[in-house]
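Open the structure in your viewer. This tour goes from one selection to the next.

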Amino acid sequence: MSNIDFLALGPEIAVTAAAVLLLMIEVARKPSARVWGWIAGIGIAAALGLSIAGWVLGRGTDANLYFSDMLALDGFSAFGGIVVFTLTGIGLIAGWGLVTSLRRRGAEFVALVLIAAAGMHLMAASANLIMLFIALEVASISFYVLAGITRNRAADEAALKYFLLGAFASAVFLYGIALVFAATGTLSMAGQESFLGETILLRPGVLLAGIALLIVGLGFKVSAAPFHVWAPDVYQGAPSGVTGFLAAGAKVGGFAALARVLTVPLDAYLDDWAPAVAVVAVASVVVGTLLAIAQDDIKRMLAYSSVAHAGFILLALTAGDAGVEAVWFYVSTYALQVVGAFAVVAAVSGPDTGASPLDSYAGLGKRSPMMAAGLGLMMIAMGGIPMTTGFVGKLGVFRAAIDAGYLWAVVTALVATVAGLFFYLRVIVRMYMDAPGGDAPALEVGRGPAWAVGITSAATIVLGIAPWPLLNMLRDALPF
Amino acid sequence: MSFTDWITDARNVVFLVIALVMVGAAVVVVATRNVVHAALTLVVALAGSAALFVMLGAEFVAWTVVLVYIGAVVVLFLFGIMITRAPIGRDSVRLDHVRRWPAALIAASVFGVMAWSTTAAFGGEEISDGVLKAENIGDLLFSRYVIPFEAVSFVLLAALVGGIVLARKDPDR
Amino acid sequence: MIVNQFLVLGALLFSIGVYGVLVRRNAVLVLLSIELMLAAVNINLVAFGAFVDDAAAAGQVFALFVITVAAAEVGIGLAIVVLIFRNRSSANVDELDLMKW
């Protein structure tokens, strides 16, 4: 029995080995930040390479569960790895100013980012609910600390709120797992799939309650309304250099977990959970859009917009299996947009500060044309304007939801999309129409944010104009 | 199964006593005005759960609860309470929100929905009483569950590094 | 012993924990309430494990993992509480400036 396959675990081994090595060298030698960068870079590159190898070898094959059904090596997990490690790399580059400003604590920061990346990839690769819970905790615990890493008054509050609501969500998620276990008698997703496919539950109450709690628990993690209360405060309080990574990582890991749990073991109950997902999706889109309009801090605005985006992605999940491609396209391109947008925020208000009032963007078009163009592009993409990935992504989720019969939800989401353009365009107007306040000098932009904005902008435009390579790739990125 | 049948089983009488003590302790944890009392009554609730685990044949889990939760976690809580000098003694204003009734309503409806929807799925199904030895759990942890076991070590590593990063005072300041 | 008695006890402890999370202002007390919810989850897991009676002992092993992770969470939580206290001499969650829930 080929139970052991180290390719399934390769990316985790690469990044966690880099994290441990970094911590040990830091204790023994106290090297410069450049050494941390090299170790982390090699670890992430190796993990990305192993994910690509997993993609080449693992997609489309059938018997691909390893380590006693704990991990899956399929297109879904390999594509998840590619997305996670790409965004970890870009996120670290964008936030490198934060690493150096932390001085000796920077090593621990980098190590925690690497451990969080391992956790996020495990969330996409888990084929067992025990494994999924632990993966979720690896990522979440690292995230709580990263949110508070600067230890100032804004960051400690972000960390506490994130932690308390995250721990609460974990408890709810666990209760859901316990109930699904009660209904199916196994924690292996493959076992649950075959059990639920073959058996008709006479009294499905316990399973449905379990599904509801799973959706609530993971809904907290991806900040879907009405479970989004933590997002604005955490986004605003966390240091800007890491907010993009936190925001994108929580979405990618959370939606990978949600997509796999809902479409693999619980596929047979699609008709029961899809309406609930549609309601949560519409609530998120409406609440996120309405509250984003009222914000005057760009990080709070992006937080509420991320609530709306969580709603758009959930719309695609109402189609079950058929929606997974749209979920992946949206979540992977949105993750890049978020990382790019927060790279600009880090450049404008400093990587180690929390708040970033919209007023400080007035006249950014003159102070730093490149950053303004980058942020403008991300706003356009998040608004869903053609020739960007945001448009292709929205098209995909709307089509999936219409095919699944949720026209009312799509119509509501369309109205919200139009309303959402208001606050995305307001940022652009601010940057180009308004004069910079007082005597604002030209903005000095470090190489880190510049590279991050450049890469994410290029990806947003190229994949927006020619999305077919990614769309073709995603046909193989389905769960087992 | 009628209630009189149920209650004539001696184990169920023991269960009922433990359950009532646990629920009472849990109510004290969420309602007391004294932080130290809350942490100490949590010990009672957790000890009750350990007793239930023994009844269910999960001896290793029971001892883990006693050692890890009661022995370490609650002590950690007491340390946390003392370090932050949270109000010790009666101080009702600072510990609770005023929104007590809406919260009670939400909790009651959570209980209603959960208890109703889950108990409806089971009739009077009996729980089998086999005892799983620590030896078997050890075997399983290092064979079938070895990957989650390794992954948990990264939860602990992240918590360790994070705890130090957040709570330590910087030497270079 | 039947399954339902454990289910009812678990649901009751869980909802008492939910009440505590909603009503408490002090971060340590919120964390204590979350521990109650996790205890409820463990009772459910072990009871279901005994009921399902599978060879893999999934219920008991999962309960062990929950205990371990909960201990790690408490460690992090108290580190954050200590940090908050050092910054502003208070551990009450809604004395924080931006608290809006």
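How many residues does the contact take from chain A and from chain C? It takes 28 residues from chain A and 32 residues from chain C. Two residues are in contact if their C-beta atoms, placed from the backbone, lie within 7 Å.

Before selecting more, note the ground rules. This is a predicted model: local features need pLDDT of at least 70, side-chain atom pairs count only at pLDDT 80 or more, and totals for chains, interfaces and linings use all residues. Residues are numbered from 1 along each chain as its sequence is written, while chains are lettered from A and ligands numbered from 1 in the order in which they are written.

**Chain C alone**

Select chain C. You will find three helices and zero strands, in the order α-α-α along the sequence. Helices (H or I, at least four residues) and strands (E, at least two) are DSSP runs, numbered from the N terminus. Of the 101 residues in chain C, 76% are buried. Buried means that 20 or more other C-beta atoms lie within 10 Å of the residue's own, with C-beta atoms placed from the backbone.

**Chain B against chain C**

Now add chain B. This contact takes 76 residues from chain B and 60 residues from chain C. Elements of chain B giving two or more residues to that side include helix H2 (10-31), helix H4 (59-83) and helix H8 (146-167). Colour the chain B side by class: 54 nonpolar, 15 polar and seven charged residues. Ala, Val, Leu, Ile, Met, Phe, Trp, Tyr, Cys and Pro count as nonpolar, Asp, Glu, Lys and Arg as charged, and the others, Gly among them, as polar.

Conventions: Buried ≥ 20, exposed ≤ 12 C-beta atoms within 10 Å, placed from the backbone.
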